[in-house]
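Hello,

Here is the structure we talked about handing over. Please open it alongside this note, and read on below for what turned up.

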Amino acid sequence: MNAFTRVLFRLARWIAGRDRAEWLDAMAAEAEAIKGDSTAWALGCLWAAITDRAHRERRVALAILLIPICINLLEFAVFFPVFWLSQVLGLPGWTFVVVFILLPLPFAFAVGRRMALRRALIISTLSSVTLDSIGVVGFWIMFGKGPEVWFEKGSQIYNMTPILGLTCSLCVWLAGASLGSFTRRRARAA
Amino acid sequence: MARARRLSPQALTLLSVLANRPSDWLYGLELANLSGLKSGTLYPILIRLADRTFLESRWLEPIEPGRPARHAYRITGAGLKALQQAASTSGHPSKEAFA
């Protein structure tokens, strides 16, 4: 096994969880037995770990898909009212951006309220990635501009460079989940 | 009453491969080659079949020294029965079955 294959197995092991440690050992042992490049086998094992985990935790997998869809629908619903309000009140442009950056906060908070911190952070990160992916794919479908457009000079997400915009968005998710998990712990301790 | 879950065509293919050599312990790579399934499809099926006790598994010591032990699989009586039921239900073991 080469270094990349080892990284793939480490990731697969992490995704699969302790319950499936023996199965990951079995997959890795087969990779060792392959004479030649075992990258394709390792990629398959990573996919196996993802699908098996999603199968075992269908509600979580559904949440990772449904929460971003709900946020997307909410974005559509509040877009024109927020735009109109900012025009009427003469608010600066960044207030419009802040509203959209903060939209996932209550959802992430709700995720944090329902589960332990580590789990909430993982789900929030995956939901954030799903939401961003929906945005990219939506842009692609509506305007015919593929993902490469986000790497062009001058492209912006939330009025920032794409990296900064996506990082900001992720931070909001993580902050919401952390806050939710923190209040959950406090409520349990009380 | 527990609901009988339908076995997928790939799961039936895998069970058929195992049933062809019921007394042999087969490795994951051998099963992948014999069934034509990639590792990403093979292992989730193996896990579910093992959970339903349709196959048993064990670690076999390596033939070549310095190599890790390998996980091997063999069909169980319950697995053979499920395959027979699948064949009698649909007339073709690799189509539809109820375990």
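**The shared core**

This is a predicted model. Its largest nonpolar core has 39 residues. Within that core, the residues with the most contacts are Ala12(A), Leu24(A), Met27(A), Cys45(A), Leu14(B) and Leu15(B). Both chains feed it. From chain A, helix H1 (3-16), H2 and H3 each give two or more residues. From chain B, the elements that do so are helix H1 (9-20), helix H2 (28-35), helix H3 (39-51), strand E4 (70-75) and helix H4 (77-90). H2(A) gives the most, with seven residues.

Leu24(A) is a good place to start looking. Leaving out residues up to four places away in sequence, Leu24(A) touches Phe9(A), Ala12(A), Arg13(A), Ala16(A) and Ala49(A).

There is also a second, separate core, of twelve residues. Among its members are Ile64(A), Ile71(A), Phe107(A) and Leu131(A).

**Where the chains meet**

How many residues of each chain are in contact with the other? The count is 16 for chain A and 14 for chain B. On the chain A side, helix H2 (21-33) and helix H3 (39-56) each supply at least two residues. The largest share of that side, eight residues, comes from H3(A). By class, the chain A side has ten nonpolar, three polar and three charged residues.

**Helix H8 of chain A**

Helix H8 of chain A covers residues 162-189, 28 residues in all. From first C-alpha to last, H8(A) reaches 40 Å, close to the 40 Å expected at 1.5 Å a residue. Which of its residues are buried? They are Ser169(A), Trp173(A), Gly176(A), Ala177(A), Gly180(A) and Ser181(A). These buried residues pack against helix H5 (93-102), helix H6 (105-114) and helix H7 (117-143) of chain A.

**The sheet in chain B**

Chain B has an open sheet of three strands, in the order E2-E4-E3. The pairing is antiparallel. Strand E2 (26-27) and strand E3 (55-60) stand at the edges. Each has a single partner strand, so one side of each is left without a neighbour in the sheet. E3(B) and E4(B) pair over six bridges, in the antiparallel sense. To find your way in, look at Trp59(B): its bridge partner in E4(B) is His71(B).

Strand E4 of chain B is worth a second look, as E4(B) lies between E2(B) and E3(B) in the sheet order and also gives two or more residues to the largest core.

Best wishes

Definitions and conventions: Residues are numbered from 1 along each chain as its sequence is written. Chains are lettered from A and ligands numbered from 1 in the order in which they are written. This is a predicted model: local features need pLDDT of at least 70, side-chain atom pairs count only at pLDDT 80 or more; totals for chains, interfaces and linings use all residues. Two residues are in contact if their C-beta atoms, placed from the backbone, lie within 7 Å. Helices (H or I, at least four residues) and strands (E, at least two) are DSSP runs, numbered from the N terminus. Ala, Val, Leu, Ile, Met, Phe, Trp, Tyr, Cys and Pro count as nonpolar, Asp, Glu, Lys and Arg as charged, and the others, Gly among them, as polar. A nonpolar core is a set of buried Ala, Val, Leu, Ile, Met, Phe, Trp, Tyr and Cys residues joined through C-beta atoms within 7 Å. A residue is buried if 20 or more other C-beta atoms lie within 10 Å of its own, exposed if 12 or fewer, and partly exposed in between; C-beta atoms are placed from the backbone. The expected span of a helix is 1.5 Å times one less than its number of residues. Two strands pair if DSSP finds at least two bridges between them.
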